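Thanks for sharing this one. Here are some notes to read alongside the model, point by point.

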Amino acid sequence: MGVCLLFHFALLLLLAIQAFAEIRYSIPEEVKHGTIVGNVAKDLGLDVSSLVDRRFRVVSESKEAFFEVNQHNGALHVNKRIDRDESCRGSGACLVELKVIVENPLEIHYVVVEITDVNDHSPTFNEKEQTFEIAENTLPGMRFQLHAAYDPDAGMNSICAYTLTANEHFEIDLRQIDEDKVPFLVLKNSLDREKKDKHWLLVTAVDGGKPPRSGSLNVSIIVLDSNDNRPMFSQEIYQITLAENVQIGTSIFKMNATDPDEGINGEIDYSFAKTLKKNVYNVFEIDKSSGIIKVKETIDYEDNDIYKLDIEASDKGILPLTGACRVTIKLRDINDNPPTIEVTSLSNKVPEDSKPGTVISLISVKDEDSGVNGKIISTLINDVPFELKPSYKENIYSVVTKEYLDREKVSHYEITIQATDCGEPPLSTFKSLSIQISDVNDNSPHFEKNPLEFYLTENNVAGNSIFFVSATDKDLNDNAAISYHIVREGRHNDIMSFLNINSENGQISALKSFDFETLKSFQFQVVATDGGSPPLSSNVTVNVFILDQNDNAPVILYPISSNGSAEEIPRNMKAGDLVTKVRAYDADIGYNGWLLFSLQQVTDHSLFTLDRYTGQIRTLRSFTETDEAQHGLLILVKDNGNVSLSATATVTVKLVEPKEAFAASDVKRAAAKVDEEDDNVTFYLIVTLGSVSLLFVISIIVLIAMQCSKSTEYTSKYLQDANYDGTLCHSIQYRSGDKRYMLVGPRMSIGSTIVPGSHANTLVLPDRRHTSSGESYNVSTSC
């Protein structure tokens, strides 16, 4: 409990430093509905034109909404009839505390309205008549307590005097008991029953209003014979302290008055005086004979913390005498009320980019108990990025952010506020606030992989989709709505003009059919942009590799046509001699460009053989005199595509006699002819080979450079085919890891073998130089 007192002392000190002046107004009670109290907006310096948008309103600390504000002019007016005597009992100042709240940004101001009293009540007596029986031997100066009048007005408007009708025996005397004025009827001259046994008096209670109001009490005096001792209490005022949670029926005090008379003149009855307020009779009761005071109903400190009981003791004489005293009961507060938490204003949605210290809610806590039992400690009990900050006024807090928020990590918070009083035992109350974190466009679209690689088979259908790109965004709604477009600036803008992208789903379609023999690969960039404000974007590089199809048939270079000149060879050629060579090429690569030669038709199968890889025609045996002088050979040249394409060539061979001079000149002429043809063929071969090889080498270099950028372990070696023998072939080998690859052409190098794992345009060949290490090289042969 000591810690709580220190905490609240420090908090009060802090609040005192931060306190602002309150606006105070004063109005009389019972004013009409709509009466203007003052212009709050003007006095606070608020912009009247913004009051409606900022939800300008007033919140009362009391249960009754006595006041309201006009959002159009900022005036504070009376909302309902105010009865000060009902709302603020007692003579102290009647203050109504109001909270004036505006939002965007959130502000709270405090206004205090003092309700001043008007003289709207006349003094009243609980009973209209009072009778006294006074013995005739009563000595002058005897005092008789009159019924006290009750006036709910306060201050000067309350009862200030009592008057008595003129008579010769009695006068009025006022005694101040606590804050109450109690009237007594004083006998100033002795009574003579024989002269007059009854007297009628009028007691008037007058308040201090202008004009004054009054109430009257009829007093009857019956003169009796002597009972000359009245009951007496040992004290005029008794004070006791009582806990508020005392059970109904509990005896709290026993009155004890004494009367020296004997017999019935000394027997005493106890009762409550008629001066008590009516609610006292509901709370307490007194036993007539024993004088024991008991609790009649539940006592609540928060309703009333003090009770004043006027007790009368009357004897039973023929002429009963009465004595009086006051019992003051002070209630001791028990911690029987848990704190209450009121959320004055709450922002249910908080942007994730809110800065630390942003106010999201304003709360106030209360405890109906008093003293230490009413001191409250408020905390947030769960681990959230929010904190409570005290206001300049006690028990007013604001919930603020204490760090930056991230909706992508946590999108919703449940904040639990605990308010605990410092009573023994302490009582607690919990209040939960549900906070949604609204999205802010703070995440760019993201591609899982960059760059992207796609393989596209040539001769694609123009207009069809070829592939798609996709990005993700962690934001929500429009902030995560992604649109795509192709970057069309740069050196490949001509290629970009043939590409189209669906801005909604990233589907990319080609408006033309690509030809591997013309274009091996190309690169472009796609930008993904979200729908936020401002929008965020990211791009991805797309590398497209065109895959070859078998769309080119072999082309026969020699012989030029099926009707060309015949090959003349001497009859004395031996077995295995070269007769001629069929030359051909295929614009495709790999298997699609690997040419095989086969002999379809021949006049004599025993004379000639055809090498299926080189196209060389050689003799199988020596010629004889019986062999025909002319032979026709039909050669079929086909590639190795999945669906083979082919071409045919017809070679005519003539056998001539081997004469020396003729043979020499003929051989020279033939040699010159062959050299000339070889020169022409070689020229075309070189031009064609250079063009195709240049494009292919550029593609390979780009591919290798891209692979090298991914892994430092990747190496490539280019090896010239050492077995080039004149056929239009170009071989390139490269190595990757522990395998050697070959892109094959019309024929393979001597000694190469196809091993398992070969596919498409690539053959995996064993590395004969590094057999022990298991490495292999790629050999690429394009024709």
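1. Is Tyr-238 buried or exposed? Please keep in mind that this is a predicted model. With a relative accessibility of 9%, Tyr-238 falls under the 20% cut-off, so Tyr-238 counts as buried.

2. It helps to set Tyr-238 among the ring contacts. Searching the whole structure gives 15 aromatic pairs. One of them joins Tyr-238 to Phe-253 in a tilted arrangement, with 5.5 Å centre to centre and 55 degrees between the planes. Tyr-238 belongs to strand E18 (residues 237–243) and Phe-253 to strand E19 (residues 251–254), so this pair ties together parts that are 15 residues apart in sequence. As for Phe-253, a relative accessible area of 23% makes that residue partly exposed, whereas Tyr-238 is buried.

3. Another pair you may like to look at is Phe-467 with Phe-524. Their ring centres are 6.5 Å apart and their planes meet at 15 degrees; planes under 30 degrees apart count as stacked, so that is the label here. This pair links distant parts of the chain, 57 residues apart: Phe-467 is in strand E35 (residues 465–468) and Phe-524 in strand E39 (residues 521–529). Both Phe-467 and Phe-524 are buried.

4. Which cluster do Phe-467 and Phe-524 belong to? Ring pairs connect these two with Phe-454, Phe-514 and Phe-522. I would display the five together when viewing this part of the model.

5. Two charged side chains also deserve a mention. The charged end of Arg-175 sits over the ring of Phe-184, at 5.0 Å from the ring centre. Likewise, Lys-512 places its charged end over the ring of Phe-498, 4.7 Å from the centre of that ring.

6. Now to a sheet. Four strands form an open sheet in the order E42-E49-E48-E45, and their pairing is mixed. At the edges are strand E42 (567–570) and strand E45 (596–602), each of which pairs on one side only. From one strand to the next, the twist averages 30 degrees.

7. How do E42 and E49 pair? As general background, strands of a sheet pair through backbone hydrogen bonds, either parallel or antiparallel. Here E42 and strand E49 (residues 646–656) run in the parallel sense, paired over four bridges. If you would like a residue to start from, take Ile-569: its bridge partner in E49 is Leu-655.

Definitions and conventions:
Residues are numbered from 1 along each chain as its sequence is written. This is a predicted model: local features need pLDDT of at least 70, side-chain atom pairs count only at pLDDT 80 or more; totals for chains, interfaces and linings use all residues. Side-chain values use heavy atoms; hydrogens and water are left out. Rings of Phe, Tyr and Trp (its six-membered ring) pair if their centres lie within 6.5 Å; planes under 30 degrees apart count as stacked, over 60 as edge-to-face and the rest as tilted. Helices (H or I, at least four residues) and strands (E, at least two) are DSSP runs, numbered from the N terminus. Buried means under 20% relative accessible area, exposed over 50%, partly exposed in between (1.4 Å probe, protein chains only). A charge sits over a ring if NZ of Lys or CZ of Arg is within 6 Å of the ring centre and within 35 degrees of the ring normal. Two strands pair if DSSP finds at least two bridges between them. Axes are lines fitted to C-alpha atoms, for helices over the stretch in contact, and angles run from 0 to 180 degrees between N-to-C directions.
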